[in-house]
Amino acid sequence: MVLIAGLAAGIAGGSGDARAAAAEPLILALGDSLTAGYGLPEDQGFVPRLEAALAAQGTSAKVVNAGVSGDTTAGGLARLDWALGGLEQAPDLVIVSLGANDALRGLDPAKAEDNLARILTVLGDRGLPALLVGMRAPNNWGPAYRAAFDGMYDRLAARFDVPLDPFFLEGVALEPGLVQADGLHPNAEGAARMAGRLAPVVIRALQESRVPEVPAQS
């Protein structure tokens, strides 16, 4: 009888653990090398650091790394269906952090904005909440380019009514002690800083669960 009771308790406990695991939010981080953790050990990149920062702030969540080094907004759009299809369940939030490589290459901001709009449209059509994370263009392309590029994130956030974090590298960019030797990618401390700063933003986005409002076609 004791053995049976013990087995029953174990089964009940296991079911509880499974329910708890199922209730854990799933976050898809769609991005480029900044998301992927370029140049860092696997456990020190942005995604594992974000998981740890969320847990430290009371939110246990699974963050899936869908960052690909070198990806542009066009690349992110092209693989969006693949990234979503590889998940075991629909994500509770999709973090969209793309555009850095478009800006570094001087690609047309209008095309980058259209690609991001199409990504948000896919998420909206599928009923998936989103958090848009912005970037800033380098100074070498001139003020007109910077204004067009930097402003697209505000325009998209307003157009689709999604939360926006204006600058992924806030507090890290151009800080010698927080970036790698290339001057572009965060080092381990920089990735931890990024994750710690973004964690409360992600928590609010999870709580608000704002699905992109796809504008009606005229």
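Which residue in strand 3 does Leu30 stand opposite? In this predicted model, Leu30 stands opposite Val96 in strand 3. The rest of this report covers strand 1 and its partners, then turns to Asp43.

**Strand 1 and its pairing**

Strand 1 spans residues 26-31 and is mostly covered, with six of its six residues buried. The burial applies to both faces. One side carries Leu26, Leu28 and Leu30, all buried. On the other side are Ile27, Ala29 and Gly31, which are also buried.

Strand 1 pairs with strand 2 and with strand 3, as listed below.

| Partner of strand 1 | Residues | Sense | Bridges | Residue pair |
|---|---|---|---|---|
| Strand 2 | 62-67 | parallel | six | Gly31 with Gly67 |
| Strand 3 | 93-97 | parallel | five | Leu30 with Val96 |

Gly31 of strand 1 thus has a bridge partner in strand 2, namely Gly67. Leu30, one of the buried residues of strand 1, faces Val96 across the pairing with strand 3.

**Asp43**

Where is Asp43 found? Asp43 lies in the loop that links helix 2 (33-36) and helix 3 (46-56). Its relative accessibility is 55%, so Asp43 counts as exposed, the cut-off for that class being over 50%. Leaving aside residues up to four places away in sequence, Asp43 touches Pro48 and Arg49. The C-alpha atoms of Asp43 and Ala188 are 9.4 Å apart in space, while the two residues are 145 residues apart in sequence.

Definitions and conventions
Residues are numbered from 1 along each chain as its sequence is written. This is a predicted model: local features need pLDDT of at least 70, side-chain atom pairs count only at pLDDT 80 or more; totals for chains, interfaces and linings use all residues. Side-chain values use heavy atoms; hydrogens and water are left out. Buried means under 20% relative accessible area, exposed over 50%, partly exposed in between (1.4 Å probe, protein chains only). Helices (H or I, at least four residues) and strands (E, at least two) are DSSP runs, numbered from the N terminus. Two strands pair if DSSP finds at least two bridges between them. Contact means heavy atoms within 4.5 Å.
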